[in-house]
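Biologist: Got a minute to go through this one with me? I'd like to start with the helix packing.

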Amino acid sequence: SLRNLLQRAEREGLIVRVPRPDLPKPDYREQDFLLVDQMQAMIAESDGTDKAFLALLAETGVRLGEALALRPADLNTETLTLKIERNLYRGKHGATKTRAGCRNLAVSRWLCDLLSEQNLLCAAGETTFSTSSGAPWSPAKALDVIRKACQQVGSPPVGAHAWRRGNATALISVLGIHERVVAYRLGHTPRGITMSLYAKPVNGFDRAAAEALADLLTRSPDKS
């Protein structure tokens with residue numbers, strides 16, 4: 001390896017010493033995430049487009065760029081599925097972050113209805129979440145919606161990734177959903193040859209996860 005070659009060169013006096021880069025120390029602080037009751041409360045206090053957007057983040061755990069790149073045609077109201085196949089970055093549509101990012105997610109009837117209502121507000125060619133001028137929401141606009149929701153329920157402000165972590169936490173720690181299913185819904189590459197090369201997801205295999213999480217998110221507080 002390069003390190004072995006450098007160490008040999010140091011021993012033989014060819015270099016003064018092996019370079020030792022001053023790398024930054026890793027940050028082990030716990031990252032923000034939302035609990036189910038926090039997501040539930042924020043969605044309940046929101047309405048219209050904001051409610052549809054927050055419900056999307058909570059139930060699917062999609063990345064912010066994936067949410068902003070959605071188009072009405074990505075939602076299939078008959079099969080209750082949502083196609084994720086593009087990402088919005090700096091105002092331009094592109095590929096998803098990884099190959100595993102392209103996926104066909106099962107969605108609950110609750111989320112499907114919210115997105116369907118939102119899609120009715122879109123003109124031809126617009127994304128599901130667009131401004132009055134027809135442009136896709138910017139990340140700043142999306143974060144404004146999230147911060148407003150936090151203020152309404154008295155929670156500290158968080159970013160979009162806190163919803164993604166909240167989704168994963170709810171699926172694994174609360175509902176006990178298998179990691180393979182959660183990885184698929186989040187667009188993560190599965191570990192191991194069997195999972196990554198041989199076992200392919202079948203449309204709808206994640207439906208139970210979507211329905212169970214939607215049930216939690218729509219449950220009245222006294223039943224939580």
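Modeller: Sure. This is a predicted model. H7 and H10 lie roughly perpendicular to each other, because an angle of 65 to 115 degrees counts as such.

Biologist: What is the angle between H7 and H10, and how far apart are their axes?

Modeller: The angle is about 105°, and the axes are 11 Å apart. H10 covers residues 207-218.

Biologist: Which residues meet there, from H7 and from H10?

Modeller: From H7, Asn167, Ala170, Leu171 and Val174. They meet Ala209, Leu213 and Leu216 of H10.

Biologist: And by class, what does the contact of H7 with H10 have?

Modeller: It has 6 nonpolar residues and 1 polar, with no charged ones.

Biologist: Switching to strands. What is the strand order in the open sheet?

Modeller: The order is E1-E2-E5, 3 strands with antiparallel pairing. E1 and E5 are the edge strands, each pairing on one side only.

Biologist: How many bridges are there between E1 and E2?

Modeller: E1, residues 75-76, and E2, residues 81-84, pair over 2 bridges. Leu75 stands opposite Leu82, and Asn76 has Thr81 as its bridge partner.

Biologist: What sits between E1 and E2?

Modeller: A turn: the two strands form a hairpin with 4 residues between them. Leu80 in that turn has a positive phi of about 55°.

Biologist: Then the other side of E2. How many bridges does E2 make with E5?

Modeller: E2 pairs with E5, residues 103-106, over 4 bridges, again in the antiparallel sense. On that side Thr81 stands opposite Ala106. So Thr81 is a residue to click on from either neighbour, as its partner in E1 is Asn76.

Biologist: OK, pockets. What volume does the second largest pocket have?

Modeller: About 280 Å³. It is lined by 18 residues, and the closest to its centre are Arg63, Leu64, Gly65, Asn87 and Leu88.

Biologist: Which elements each supply at least two residues of that lining?

Modeller: Helix H4 (64-68), strand E3 (87-89) and helix H7 (160-174). H7 is the helix we began with, the one that packs against H10.

Biologist: And the class breakdown of the lining of the second largest pocket, what is it?

Modeller: There are 9 nonpolar, 5 polar and 4 charged residues. The contact of H7 with H10, by comparison, has no charged residues.

Note on methods. Residues are numbered from 1 along each chain as its sequence is written. This is a predicted model: local features need pLDDT of at least 70, side-chain atom pairs count only at pLDDT 80 or more; totals for chains, interfaces and linings use all residues. Side-chain values use heavy atoms; hydrogens and water are left out. Two strands pair if DSSP finds at least two bridges between them. On a 1 Å grid over the protein atoms alone, a cavity is a set of points where a 1.4 Å probe fits but cannot get out, and a pocket is an open set with protein on both sides within 12 Å along at least five of seven lines; lining residues have an atom within 4 Å of a point. Grid points are joined across faces, edges and corners, and a volume is the space filled by probe spheres set on the points. Ala, Val, Leu, Ile, Met, Phe, Trp, Tyr, Cys and Pro count as nonpolar, Asp, Glu, Lys and Arg as charged, and the others, Gly among them, as polar. Axes are lines fitted to C-alpha atoms, for helices over the stretch in contact, and angles run from 0 to 180 degrees between N-to-C directions. Angles under 35 degrees count as roughly parallel, over 145 as roughly antiparallel, 65 to 115 as roughly perpendicular and the rest as oblique. Contact means heavy atoms within 4.5 Å.
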